[in-house]
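Work through the exercises below with the sequence and the structure at hand. Each task is followed by a solution in steps.

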Amino acid sequence: RAAGQGRNSQARRGKMGKATQYEFGGPIGTTLNIVLLPLVVIFLFLACPNGDASGFCLRGVDISELQRMPIPKWSELFSLEAFALCAGWFLFLVVLERVLPHRLGQGVELSNGHRLSYRINGHLSFWVSLFVAEHFFDLSILYDKYLELAVAAISLSILLSVYLYVSSFKRGALLAKGGNTGCVPYDFWMGRELNPRLGDFDLKVFCELRPGLIGWMLLNLGMLQKHQKLNNGSVSTSMLLVNMFQGLYVWDALYNEEAVLTTMDVTTDGFGYMLCFGDLAWVPFTYSLPARYLVTHDAGLPDEVLVAFALLGMFGFYVFRAANSQKDAFRRDPQGEEVKHLKYLKTERGTALIVSGWWGLARKINYTGDWLFGLSWSLFTGFGSILTYFYPIYFAALLVHRAWRDDHACSLKYGADWKKFKEMVPYVFVPWLI
């Protein structure tokens, strides 16, 4: 019903005015992203392809080593079987979202004054899909067809992005402010429509957490199974730790599914190539690199070092989860027992900005915990290749950029109150340092 009311209201109000400010390098930068990011996914595979540990794998930043990088044939890049697997996985999760028991979560208030409802059953979908995959499929095939599956996921994300762009021109579509410039490549990247839906099925929130995130978990399990086959049933401690820690990260996201409804991805950004490609291809096929590497490479780390890395990762996860839970609890009920002690700045808009607790230490303290947790995944692989450290290097750049975007958006939203808030909480990532 809420979705129907939203569409009626959108039809009356019409689309939002043209956006005037560019991000991500404007039309040129976004065009380069559209073309180059899929090539990055493929490069990360070719720079350390599957196979024997003695084969080629880029060790450091010496680009002369790339002369030895294998160049694949087209038949090694794309197959209809891999595309069918990706499409089937996507549709399987759609079916689970539709048929599994659920409760309704409410999104934030939109510019048309309405709120959308969302089916919250991602956590159950997580466990059902893992059960089906583990009991009815040989997941080691995901290692054998890794490159083909990556290209298939890229292809699927491109097709869905084209559909999203074309469908955003339908009458009454509520457009995202940043994706409505009139510049085709820029709007295609940013996403024109804010909440594209098929009936009450929300494409953006579905893709945000399910196909790519749970798919990442399955890829890791496939790497573990392949590793186990190659090692007469034994599994290295590093492989177990990568699977456990990344599995915890995926499970946490699905368990706290409703929290995504207040993130910038859902409330502000349109659903275009940026999020679609990121959700379906970038996340599963770049984040699973540590597990893929460990299939045939020994981390060479003593147990005490692995324990130290695990403690660092758990500390990061604790900061990440505790900070986010505190903010979510405050948003639900500022007078709740667990958050009523928090100090906050009351803004002229009527909203409250927390200035104590976790959020009094640094404005993006959750990003710091998130990054430390991700760093531990790479540390578990040892120091044999720089490629397994792609995630923390890329993620640091992403978080800095996202913090800048959020700071800019909040300065426009809160005006003088935001300046006052930054004086009260001067640090961004690390208390008393950054």
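**Exercise 1. Decide whether Asp-269 is buried or exposed, and find its salt-bridge partner.**

Step 1. Asp-269 has a relative accessible area of 3%, so it is buried. The class buried means under 20% relative accessible area, exposed means over 50%, and partly exposed lies in between (1.4 Å probe, protein chains only).

Step 2. The partner of Asp-269 is Arg-405, and the closest N and O atoms of this salt bridge are 2.8 Å apart. A salt bridge is a side-chain nitrogen of Lys or Arg within 4 Å of a carboxyl oxygen of Asp or Glu.

Step 3. Asp-269 sits in the loop between α12 (264–267) and α13, while Arg-405 belongs to helix α18 (residues 390–414), so the salt bridge ties together parts that are 136 residues apart in sequence. Helices (H or I, at least four residues) and strands (E, at least two) are DSSP runs, numbered from the N terminus.

Step 4. Arg-405 counts as buried because its relative accessibility is 10%.

Step 5. A network of salt bridges links Asp-269 and Arg-405 with Glu-23.

The model is predicted: local features need pLDDT of at least 70, side-chain atom pairs count only at pLDDT 80 or more, and totals for chains, interfaces and linings use all residues. Residues are numbered from 1 along each chain as its sequence is written, and side-chain values use heavy atoms, with hydrogens and water left out.

**Exercise 2. State how many salt bridges the count comes to, then describe those of Asp-252 and Arg-98.**

Step 1. The count comes to 15 salt bridges. Side chains of opposite charge can pair when their charged atoms come close.

Step 2. Asp-252 pairs with Arg-321, with 2.6 Å between the closest N and O atoms. This pair links distant parts of the chain, since Asp-252 is in helix α11 (residues 237–255) and Arg-321 is in helix α15 (residues 303–332), 69 residues apart.

Step 3. Asp-252 is buried, at a relative accessible area of 4%. Arg-321 also counts as buried, at 16% relative accessibility.

Step 4. Arg-98 pairs with Glu-97, and here the closest N and O atoms are 2.7 Å apart. Arg-98 is partly exposed because its relative accessibility is 27%, whereas Glu-97 is buried at 5%.

**Exercise 3. Find the disulfide, and explain why Cys-183 and Cys-207 have no such bond.**

Step 1. A disulfide is a covalent bond between the sulfur atoms of two cysteines. The cut-off used here is a pair of cysteine sulfur atoms within 2.5 Å.

Step 2. The structure holds 1 disulfide. Cys-48 and Cys-57 form the bond, with their sulfur atoms 2.1 Å apart. The link is left-handed, with -100 degrees about the S-S bond, and both Cys-48 and Cys-57 are buried.

Step 3. For Cys-183 the closest cysteine sulfur is in Cys-276, 19 Å away, which is too far for a bond. Cys-183 counts as buried, at 16% relative accessibility.

Step 4. For Cys-207 the closest cysteine sulfur is also in Cys-276. That distance is 5.6 Å, again too far for a bond. Cys-207 is buried, at 1% relative accessibility.

**Exercise 4. Describe the largest cavity: its volume and its lining.**

Step 1. On a 1 Å grid over the protein atoms alone, a cavity is a set of points where a 1.4 Å probe fits but cannot get out, and lining residues have an atom within 4 Å of a point. Grid points are joined across faces, edges and corners, and a volume is the space filled by probe spheres set on the points.

Step 2. A search of the whole structure finds 3 cavities of 30 Å³ or more. The largest cavity holds about 90 Å³ of space.

Step 3. Its lining includes Glu-97, Tyr-118, Arg-119, Asp-200 and Glu-257.

Step 4. At least two lining residues each come from β2 (117–120), β4 (201–202) and α9 (203–209). The most are given by β2, with 3 residues.

Definitions and conventions
1 Å grid on protein atoms, 1.4 Å probe; cavity = no way out; pocket = protein on both sides within 12 Å on 5 of 7 lines; lining within 4 Å.
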